[in-house]
Structure formats: C-alpha cells, structure tokens
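Open the model in your viewer and keep the sequence panel beside it. Each stop below gives a selection and then what is there.

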Amino acid sequence: MVEIKESHFIEKYSLDIFNGTVDIYWGEDSFIYVPVEKICELLELNHDEQFHQMKSHVILSDGLVKTNHLNQEEFYLRTDKLALWLVTLPLNKLNPSIKKELQIFQNCASLILQEAFVEGKLFLMEGVVEKLSKDSVSVKAYKEAIILLNIARQRLVQEVELNLP
C-alpha cells in the first residue's frame, strides 16, 4: 500500500480546464496541486476508480498528497504528474465534448514526447527532475515562472476566444 503524504497549502489559484474552473494550490513543498475529485468530476470519470489507479501507478502515486479540509480527507495530484495521468485516460470513457479536447491534448503530448525523445532531452532531464524536489532559490524561481506562464497562456486563450486584437 502506498503511503500518501499529508500536505498544507499556502496559496490558491484558479485554472480553466475541461470547460470548468478548478482551484489549484501552491503547497508548502513549493509544488502546485489539483484536486483529484474535481478533475474527475469535470471529466465525468469515477473518482474512486481513478484514485485507485493513481495510487497503484508508481509515478502518479509519488505526486499524490492528502489534506484535511473541514474534517474531510481530500486528495490532490501535483500538476507535474497531471499531464501523465491525462494521457493514460481511455478516450472511450469520456463524453464527446471532453473526448475531443482530451484527444487533442493526448496527440500534442505524444508529439512533444517524440521531439524530446528524438533530441535526447528526456535523458538530460533526469537530474532536473531530481533537483525539482529540492527547495532552492532556482527551483522556486522555476516553479513561479511556470505559474506565470500558465496565467499568461490562460489570458491569451481568453483573448483568442473573445476575438480581441
């Protein structure tokens, strides 16, 4: 049985994903987390089934944490593991509107991984991945830059959707 670490959150942000908005949290360990139950709800997937699969997956389980909110245990997945989980989801279990969006995501992820593999970048990342679990100034700056990039991307997408110049 995988032991799921307990975490406490410092700041809350919002993420627009799958036709909904999810509160995401900056953890005391400098990682960002998404609520597993809310993502499953947006994808119309069985939360218990998905949580069980995450717990039994070596890589995904490393990104799971739990919190006690209003005396209720809640589980969260680190955002650096979210993409991996999303590419493992079977498209045939999703409703058509979400299926199309996730299929595009999975195809894009496949292309990105192919490029990284062909260019040898995946093997260079091993040290970087290990370093991200440390609490250094450069790691914090890197994670903050990712948050800013995501906020900027969301605004850009909103401008496109609203047809703004």
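**Stop 1: helix H4.** Select H4 and colour by burial. Lys81, Leu82, Trp85 and Leu86 are the buried residues here. Look down the axis of H4: these buried residues fall within an arc of 145°, so they line one face of the helix. The general rule behind such a face is that an α-helix has 3.6 residues a turn, so residues three or four places apart point the same way. Keep in mind throughout that this is a predicted model.

What covers the buried residues of H4? Show strand S4 (32-35), H1, helix H2 (47-56), H3, strand S6 (72-78) and H5, which are among the elements that do so.

**Stop 2: lysine 81.** Stay in helix H4 and pick lysine 81. Is lysine 81 buried or exposed? Its relative accessibility is 11%, under the 20% cut-off, so lysine 81 counts as buried. Now display its contacts. Beyond residues up to four places away in sequence, lysine 81 touches Ile59, Leu60, Asp62 and Gly63.

**Stop 3: isoleucine 59 and the nonpolar patch.** Move to one of those partners, Ile59. Isoleucine 59 sits in helix H3. It is partly exposed, at a relative accessible area of 41%. Switch on the surface. Val58, Ile59, Leu84 and Val87 make a nonpolar surface patch of about 320 Å². Helix H3 (58-61) and helix H4 (79-88) are the elements that give two or more residues to this patch.

**Stop 4: helix H1.** Select residues 36-43, which form H1. Its buried residues are Val36, Ile39, Cys40, Leu42 and Leu43. Turn to an end-on view: the buried residues of H1 fall within an arc of 160°, so they line one face of the helix. Step just past H1 to glutamate 44. Its phi is positive, about 60°.

**Stop 5: asparagine 95.** From leucine 43, jump 52 residues in sequence to asparagine 95; their C-alpha atoms are 8.0 Å apart. Asparagine 95 belongs to the loop between H4 and helix H5 (96-118). Show its side chain and trace two links. One is a polar contact of 2.8 Å with the side chain of serine 97. The other runs from the side chain of asparagine 95 to the backbone nitrogen of isoleucine 98, at 3.1 Å.

**Stop 6: serine 14.** Go to strand S2 (residues 9-17) and select serine 14. Serine 14 counts as partly exposed, with 44% relative accessibility. Which residues does serine 14 contact, leaving aside neighbours within four places in sequence? They are Thr21, Val22, Asp23, Ile24 and Gln154. Draw a distance to isoleucine 24. It lies ten residues from serine 14 along the chain, and the C-alpha atoms are 5.7 Å apart.

**Stop 7: the whole chain.** Zoom out and show the cartoon. The protein chain has seven helices and six strands. Follow it along the sequence and the pattern reads β-β-β-β-α-α-α-β-β-α-α-α-α. Of the 165 residues, 33% are buried. Turn on contacts with a separation of 6 or more: residues 24 or more positions apart account for 48% of them. Finish with the full surface. The accessible surface of the chain is about 11100 Å², and carbon and sulfur atoms hold 56% of that.

Technical notes: Residues numbered from 1 in each chain as written. Predicted model: local features only at pLDDT ≥ 70, side-chain atom pairs only at ≥ 80, totals over all residues. Heavy atoms only, no water. Buried < 20%, exposed > 50% of the residue type's maximum accessible area, 1.4 Å probe, protein only. Helix = DSSP H or I, 4+ residues; strand = E, 2+ residues; numbered from the N terminus. Arc of directions from axis to C-beta. Patch = residues over 30% accessible without salt bridge, like charges linked within 9 Å, V, L, I, M, F, W, Y side chains within 5 Å. Areas by Shrake-Rupley, 256 points an atom, 1.4 Å probe, with all protein chains shown as cover. Salt bridge = Lys/Arg side-chain N within 4 Å of Asp/Glu carboxyl O. Polar contact = N/O pair within 3.5 Å; in protein donor to acceptor, adjacent residues only side chain to side chain. Contact = heavy atoms within 4.5 Å.
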